[in-house]
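Visitor: I'd like a close look at one strand pairing, and then whatever you can tell me about the parts around it. Could you put the model up?

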Amino acid sequence: TGTNGNYSWTPPTWLSCPTCPTTTSTPDETITYTVTVVDSNGCTASDNVTVFVDFEYVIWVPNIFSPNGDGSNDVAYVRGVGVETLTFVIYDRWGEKVFETNDLNIGWDGTFRGKKMNNAVFVYYLEATFLNGASTTKKGDITLVR
């Protein structure tokens, strides 16, 4: 504690101020910091602190969306936390693949071969792997309402 001296936090990753006596850390993963202070007399002290990040790895798909151009729920996205890889496929009621993605940021806009799909219930298949190495498979349906 104290305000005299020069502070250095290492690594500086995710820190609001790596040279301040107090700082804020917003890490994406667990990390250990070392803080070192050198006072005006040249005396040095250091200590370590570990910030533990523990969050639940989850993934889900909405069960309805409305691609009607109103800016709300116009695209069906897979949503999740800690997702490393995914395969998301949507089929129509005859089993024809109408959409596929491997990217959380790419969703289905309710079109197939450039044409708007009619109101209907579609089925999906989802495989995902999380950053911790766990994996999951989900199947379900999603309703398109214009």
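Visitor: Let's zoom in on the partner of Ile31: which residue stands opposite Ile31 in β3?

Guide: That's Val51 in β3. Before we go on, this is a predicted model, so local features need pLDDT of at least 70, side-chain atom pairs count only at pLDDT 80 or more, and totals for chains, interfaces and linings use all residues. Residues are numbered from 1 along each chain as its sequence is written, and side-chain values use heavy atoms, with hydrogens and water left out.

Back to your pair. Strand β2 (residues 31-38) runs antiparallel to β3, and eight bridges join them. Strands here are DSSP runs of E, at least two residues, numbered from the N terminus, and two of them pair if DSSP finds at least two bridges between them. The sheet is open, with three strands in the order β1-β2-β3 and antiparallel pairing. β1 (6-10) and β3 (44-51) have a single partner strand each, so one side of each is left without a neighbour in the sheet. Direction ignored, neighbouring strands in this sheet are turned by 20° against each other on average (axes are lines fitted to C-alpha atoms, and angles run from 0 to 180 degrees between N-to-C directions).

Now to the other sheet. Five strands make an open sheet in the order β5-β12-β11-β7-β8, and the pairing is mixed. Its edges are β5 (64-65) and β8, each pairing on one side only. β7 pairs with β11 in the antiparallel sense over eight bridges, and Val83 has Phe130 as its bridge partner in β11. β7 also runs antiparallel to β8, with four bridges joining them; there, Phe88 has Thr101 as its partner in β8. β7 and β8 form a hairpin with five residues between them, and Gly95 in the turn has a positive phi of about 90°.

Stay around that turn for the two salt bridges of the structure (a side-chain nitrogen of Lys or Arg within 4 Å of a carboxyl oxygen of Asp or Glu). In one, Glu96 pairs with Arg113, the closest N and O atoms being 3.0 Å apart. Glu96 sits in the loop between β7 (83-91) and β8 (97-101) and Arg113 in the loop between β9 (111-112) and β10 (115-116), so the pair ties together parts that are 17 residues apart in sequence. Glu96 is partly exposed at 32% relative accessible area, while Arg113 is exposed at 68% (buried is under 20%, exposed over 50%, partly exposed in between, with a 1.4 Å probe and protein chains only). In the other, Lys97 pairs with Glu100, with closest N and O atoms 2.9 Å apart. Lys97 is partly exposed at 40%, and Glu100 is partly exposed too, at 39%.

Last stop, the largest pocket, with about 170 Å³ of space. A pocket is an open set of points on a 1 Å grid over the protein atoms alone where a 1.4 Å probe fits, with protein on both sides within 12 Å along at least five of seven lines; lining residues have an atom within 4 Å of a point. Its volume is the space filled by probe spheres set on the points. Among the lining residues are Asp92, Arg93, Trp94, Lys116 and Phe122. Strand β11 (residues 120-130) gives the most to this lining, with three residues. By type, the lining divides into five nonpolar, two polar and three charged residues (Ala, Val, Leu, Ile, Met, Phe, Trp, Tyr, Cys and Pro count as nonpolar, Asp, Glu, Lys and Arg as charged, and the others as polar).
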